[in-house]
Amino acid sequence: MIVCLCHGVSDRQINKLLVSGEASTVAAVQAQTRCGTDCGTCIAQLREIVDAAELRRWKYQPPVPRVLRPA
Ligand code: FES
C-alpha cells in the first residue's frame, strides 16, 4: 500500500528499512525515502508504522539471563 503519494513510498519500503535496521525513527525514514517531506499528509501513517515497529522490537527482545541481572 502506498503511504506517501508525493514520493511514491509504500509501507513495504518503510517496513523493510525498519526491519533491516537501516532506519529506526521517523526522521531516518524520511531521510532515506523523503516520505512526509512534501505535503505532510502521510506523516501520521508514517509515525504509526514506526511506532508499531518499535513495539515489535520491544516485544521480541530476549529476556535478560538471571546471572546478568543486578542483585
Ligand atoms: S503524501 Fe507524503 S508528503 Fe505528501
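## A walk through three helices and two strands

Let's start at the N-terminal end, where Ile2 sits in strand E1, residues 2–4. A word on what you're looking at: this is a predicted model, in which local features need pLDDT of at least 70, side-chain atom pairs count only at pLDDT 80 or more, and totals for chains, interfaces and linings use all residues. Residues are numbered from 1 along each chain as its sequence is written. Helices and strands are DSSP runs numbered from the N terminus, with H or I of at least four residues for a helix and E of at least two for a strand.

Back to Ile2, which is exposed because 12 other C-beta atoms lie within 10 Å. The scale here puts buried at 20 or more other C-beta atoms within 10 Å of a residue's own, exposed at 12 or fewer, and partly exposed in between, with C-beta atoms placed from the backbone. Leaving out residues up to four places away in sequence, Ile2 touches Gly8 and Ser10. Contact here means that the C-beta atoms of two residues, placed from the backbone, lie within 7 Å. For a sense of reach, take Ile2 and Val67: they are 65 residues apart along the chain, and their C-alpha atoms are separated by 46 Å.

Now zoom out. The protein has 3 helices and 2 strands, and from the N terminus on they run β-β-α-α-α. Its radius of gyration is 15 Å, well over the 11 Å that the globule rule gives for 71 residues, so the protein is more spread out than a compact globule. (That radius is taken over C-alpha atoms, and the rule is 2.2 Å times the number of residues to the power 0.38.) The box that the C-alpha atoms fill, taken along the principal axes, tells you about the outline: roughly 50 × 20 × 15 Å. Of the 71 residues, 20% count as buried. As for contacts between residues at least 6 apart in sequence, 44% of them join residues at least 24 apart.

On to the helix packing. Two packed helices are described by the angle between their axes and the distance between the axes. In this case axes are lines fitted to C-alpha atoms, for helices over the stretch in contact, and angles run from 0 to 180 degrees between N-to-C directions.

Take H1 (residues 11–20) and H2 (residues 26–33): their axes come within 11 Å and cross at roughly 120°. That makes H1 oblique to H2, given that angles under 35 degrees count as roughly parallel, over 145 as roughly antiparallel, 65 to 115 as roughly perpendicular and the rest as oblique. The crossing of H1 and H2 is right-handed, a term used if the near helix is turned clockwise from the far one by less than a right angle, with anticlockwise being left-handed. H1 brings Gln13, Ile14 and Leu17 to the contact, and H2 brings Val29, Gln32 and Thr33. Sorted by character, the contact of H1 with H2 has 3 nonpolar residues, 3 polar and no charged. The sorting counts Ala, Val, Leu, Ile, Met, Phe, Trp, Tyr, Cys and Pro as nonpolar, Asp, Glu, Lys and Arg as charged, and the others, Gly among them, as polar.

H1 also packs against H3, at an angle of about 35° and with the axes 10 Å apart. H1 passes H3 in a right-handed crossing. Here Asp11, Ile14, Asn15 and Leu18 in H1 meet Leu46, Ile49, Val50 and Ala53 in H3. The residues of this contact divide into 6 nonpolar, 1 polar and 1 charged.

Val50 of helix H3 deserves a closer look. Val50 is buried, because 21 other C-beta atoms lie within 10 Å. Setting aside residues up to four places away in sequence, Val50 touches Leu18, Thr25, Val26 and Val29. Ser24 is 26 residues from Val50 along the chain, yet their C-alpha atoms are separated by 7.1 Å.

Further along H3, which spans residues 43–59, you'll find Trp58. Trp58 counts as exposed, because it has 8 C-beta neighbours inside 10 Å.

Finally, visit the loop between H2 and H3, home to Arg34 and Thr37. Most residues other than glycine have a negative phi, and most peptide bonds are trans. Arg34, though, has a positive phi, near 70°. Arg34 is partly exposed, with 14 other C-beta atoms within 10 Å. Thr37 is partly exposed too, with 14 other C-beta atoms within 10 Å.
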